[in-house]
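Dear colleague,

Please find the structure below, handed over for your records. The findings follow directly after it, and I would be grateful if you could read them beside the coordinates.

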Number of protein chains: 2
Amino acid sequence: MEPKYKHILETIKTQIIEEKYPAGSMLPDQNTLAKEFKTSRMTVKKALDMLAIEGFIYSRRGSGTFVKKNALAQQDALPVNDYGGLSRRFSKSRVKSKPIVFDVTFPTPEVKERLELKQNEPVYEILRLRLVDNTPYALEHTFMPISLAPNLSKEILFDSIYAYLTKEVKLEIGGAFRKISAEKTEANDLKYLESEANDPILQVEQVVYLQDGRPFEYSISRHPYNGKHAYTIFDRKK
Amino acid sequence: MEPKYKHILETIKTQIIEEKYPAGSMLPDQNTLAKEFKTSRMTVKKALDMLAIEGFIYSRRGSGTFVKKNALAQQDALPVNDYGGLSRRFSKSRVKSKPIVFDVTFPTPEVKERLELKQNEPVYEILRLRLVDNTPYALEHTFMPISLAPNLSKEILFDSIYAYLTKEVKLEIGGAFRKISAEKTEANDLKYLESEANDPILQVEQVVYLQDGRPFEYSISRHPYNGKHAYTIFDRKK
DNA sequence: GAGTGGTCTAGACCACGAG
DNA sequence: TCGTGGTCTAGACCACTCG
């Protein structure tokens, strides 16, 4: 059974998208909505709170609840959190992966610190070239503790590691720390990304955490310069 | 009067930071907490929900509420949203601004679209070199609708525009859209950022929105390459 | 089955904004 | 002053996990 507040949330969201509540307009007050949806005010409030978090509305004590001026832009905005990597940003058929390195090693001090490893716990080391529509999209260097996914095979590397881990191994992603920087071209970039000698490289370094806070992946992705590559974020306050 | 749930939130957060509730441990159940804090379970729940959003804990129906393994790392993590620009990331005394251009013009089509302007509404055009500890930190090219801040003066440009707008003009920031990319060096970078000819530039393009959804600033910041510049994000699911 | 969190109710009082 | 949203209560029922 779907929670009632979710039904209210979806109904109001649809009405905003269909401009039944146009941008800038005021929503009915919470008591009225509670009667309309035959529920209590608290439940309406919960639905409105979540719509505010999603960026559709904002409330002002004493005044009312209003549709944001840019509410319509929110509907297909990617959530800030885009896990699931490439396969979720592009349709699966357009994404290909070419494994270059698949190894089990002992971590460097850097990797050990990022993954918060004890002792000499071994890690997977994976280097993959990611292609979208057969053009180089990123060179991904990934490290994962073996303990979290003991059965990784080279076959999976051609496909989506994320899909495998979340669906088969049932790991739950909780968040990620990312560091984005501009870097100079290196030998591997020339070799795999078809970069030219003085092209800037967009580098995304990330540690992905599980829901309980354990780090489960440390990776460095290098994107070629072609005027197309950018990392976009939509940020909301609170 | 401070809301009760905030008091509960702060109390539990302190206990987590002081490791009275160590990482990985289970919190008392909601009924127990409600009794301890002499309140209702709903109020405890609200405090716990917000602690979860802040990344300190996670709850599992049927099992309990647990302190995240990396909870301690959260305490001084910048929120995902860092508005207020430089002056909030660095102590004020270290930041200086050197205005290069301060003008009122009609917007280019690009700027007009980003700021969702009607007709031929004029905009401020500002180009500033931002310095931290007297070294070039960024070259900021900013456009703002005049209507939102009619009294901007050149004096303010030496200081924090954000502080002026949020404190004096009382505008409330609601969120931002950012696009981060790696770019090639241009003439202005050589001139102001002390970049060398083939250095990569980290560029952050952003539109900042007010709480009601109106865009209020469009800017492009270019950061020099020196191994230090990176854009960091901490992302949490949900 | 016992214990946990998720949701919901039908009220209540308060803080704030606008006329 | 009145209408708004923010918070809070003291219960209740349900869904889920685990021993």
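A polar side-chain atom of R41(B) lies 2.5 Å from a base nitrogen of DNA strand C, a polar contact in the sense of a pair of N or O atoms within 3.5 Å (within protein, one must be able to donate a hydrogen and the other to accept it, and residues adjacent in sequence count only if both atoms are side-chain atoms). The model is predicted, so to speak of local features requires pLDDT of at least 70 and side-chain atom pairs count only at pLDDT 80 or more, while totals for chains, interfaces and linings use all residues; side-chain values use heavy atoms, without hydrogens and water. Residues are numbered from 1 along each chain as its sequence is written, and chains are lettered from A and ligands numbered from 1 in the order in which they are written.

DNA strand C

Two backbone contacts from chain B also reach this strand. A backbone N or O atom of G62(B) is 3.1 Å from a base nitrogen of DNA strand C, and one of Q30(B) is 3.0 Å from a phosphate oxygen of DNA strand C. In total, 24 residues surround DNA strand C, the closest being K4(A), T39(A), R41(B), M42(B) and K45(B); a residue is near a strand if one of its heavy atoms lies within 4 Å of it. Of the strand C atoms within 4 Å of the protein, 64% belong to sugar or phosphate and the rest to bases. The surface near DNA strand C divides into 4 nonpolar, 11 polar and 9 charged residues, where Ala, Val, Leu, Ile, Met, Phe, Trp, Tyr, Cys and Pro count as nonpolar, Asp, Glu, Lys and Arg as charged, and the others, Gly among them, as polar. Its largest share, 4 residues, comes from α3(A); helices (H or I, at least four residues) and strands (E, at least two) are DSSP runs numbered from the N terminus.

DNA strand D

R41(A) has a polar side-chain atom 2.5 Å from a base nitrogen of DNA strand D. Phosphate oxygens of DNA strand D are approached by a polar side-chain atom of Y5(B) at 2.8 Å and by a backbone N or O atom of S40(B) at 2.9 Å. The strand is surrounded by 25 residues, with R41(A), M42(A), K45(A), K4(B) and T39(B) the closest. Here 63% of the strand D atoms within 4 Å of the protein belong to sugar or phosphate. The residues of this surface comprise 4 nonpolar, 11 polar and 10 charged, and α3(B) gives the most, with 4 residues.

The two copies

A rotation of 180 degrees with 0.0 Å of shift along its axis superposes chain A on chain B, with an RMSD of 0.1 Å (least squares on the C-alpha atoms of residues with pLDDT of at least 70 in both). The two copies are thus related as by a two-fold rotation axis. Because 100% of the interface residues of chain A are also interface residues in chain B, the copies meet through the same surface.

Chain A and a buried leucine

Chain A has 8 helices and 9 strands, and buried residues make up 49% of its 238 residues. In chain B, L51(B) is placed in helix α3 and counts as buried because its relative accessibility is 0% (buried means under 20% relative accessible area, exposed over 50%, partly exposed in between; 1.4 Å probe, protein chains only). Leaving aside residues up to four places away in sequence, L51(B) touches L9(B), I12(B), K13(B), F56(B) and I57(B), contact meaning heavy atoms within 4.5 Å.

With kind regards
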